[in-house]
Amino acid sequence: MSANLLIAVVDDDDSAREAAVSLVRAMGFAASGFRSAAEFLDSGEMARTVCLITDVRMPGMGGLDLHRHLVASGTPIPTILVTAFPDETTRARALKAGVGSYLAKPFEPDELLGCIRSAFAQGTGRPS
């Protein structure tokens with residue numbers, strides 16, 4: 001994978017975001033963390049983002065709404081939703097909206113790696 005390609009982690013929980021960024025980097029990917037959907041959208045990093053890992057519940061725009069916003073704006077990014085409050089209704093809505101994976105926190109590194117690989121396989125045309 002090119003070092004120029006990025007996995008973005010969007011989570012308002014500082015410790016969860018920093019842990020996820022560190023984990024993704026330890027897996028050999030470039031990663032950056034963002035405190036909110038707005039911070040990510042304003043970052044200028046969308047063009048090189050190949051996978052989005054985002055929390056379901058955040059102030060302002062939540063992770064599922066961020067995914068929907070990207071799809072509606074014509075810039076879909078394979079998305080992994082993470083949540084400390086998993087429920088089947090949200091999971092079903094997320095998968096119906098095209099989210100690739102839905103993970104309950106805390107998750108194991110192998111679970112996240114599997115979701116990242118699945119996100120790459122979603123057909124972005126970008127290298128895996």
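The confidence score pLDDT expresses, on a scale from 0 to 100, how confident the predictor is in each residue. The structure described here is a predicted model, and its protein chain averages a pLDDT of 91, with 93% of the residues scoring at least 70. In the protein chain, confidence is highest in helix 2, spanning residues 37-41, at a mean of 98, and lowest in helix 5, spanning residues 109-120, at a mean of 92.

The largest pocket of the model has a volume of about 180 Å³. It is lined by 14 residues, of which A16, A19, A20, K105 and F107 are the closest to its centre. Several elements contribute to this lining, since strand 1 (6-10), helix 1 (14-26) and strand 3 (49-55) each supply at least two residues, and helix 1 gives the most, with four residues. When the lining of the largest pocket is divided by class, 10 residues are nonpolar, three are charged and one is polar.

Two aromatic pairs are present in the structure. In one of them, F34 and F40 are arranged edge-to-face, with 5.3 Å from centre to centre and an angle of 70° between the planes. The angle qualifies as edge-to-face because the class begins over 60 degrees. Both partners, F34 and F40, are buried.

A further buried position is found in strand 4 (residues 79-83), where T79 lies. T79 has a relative accessible area of 1% and is therefore classed as buried, the cut-off for that class being under 20%. The side chain of T79 nevertheless has a polar partner, as it makes a polar contact of 3.0 Å with the side chain of H67.

Helix 4, which comprises residues 88-96, is capped at its N-terminal end by D87, a side-chain oxygen of which lies 3.1 Å from the backbone nitrogen of T89. Just after helix 4, the backbone at G98 adopts a positive phi of about 100°. Another glycine, G100, is placed in the loop between helix 4 and strand 5 (101-104). The relative accessibility of G100 is 28%, so this residue counts as partly exposed, a class that lies between the cut-offs of 20% and 50%. G100 and V56 are separated by 44 residues in sequence, while their C-alpha atoms are 13 Å apart in space.

Definitions and conventions: Residues numbered from 1 in each chain as written. Predicted model: local features only at pLDDT ≥ 70, side-chain atom pairs only at ≥ 80, totals over all residues. Heavy atoms only, no water. Phe/Tyr/Trp six-rings, centres within 6.5 Å; stacked < 30°, edge-to-face > 60°. Buried < 20%, exposed > 50% of the residue type's maximum accessible area, 1.4 Å probe, protein only. Polar contact = N/O pair within 3.5 Å; in protein donor to acceptor, adjacent residues only side chain to side chain. 1 Å grid on protein atoms, 1.4 Å probe; cavity = no way out; pocket = protein on both sides within 12 Å on 5 of 7 lines; lining within 4 Å. Points joined across faces, edges and corners; volume = space filled by probe spheres on them. Nonpolar A, V, L, I, M, F, W, Y, C, P; charged D, E, K, R; others polar.
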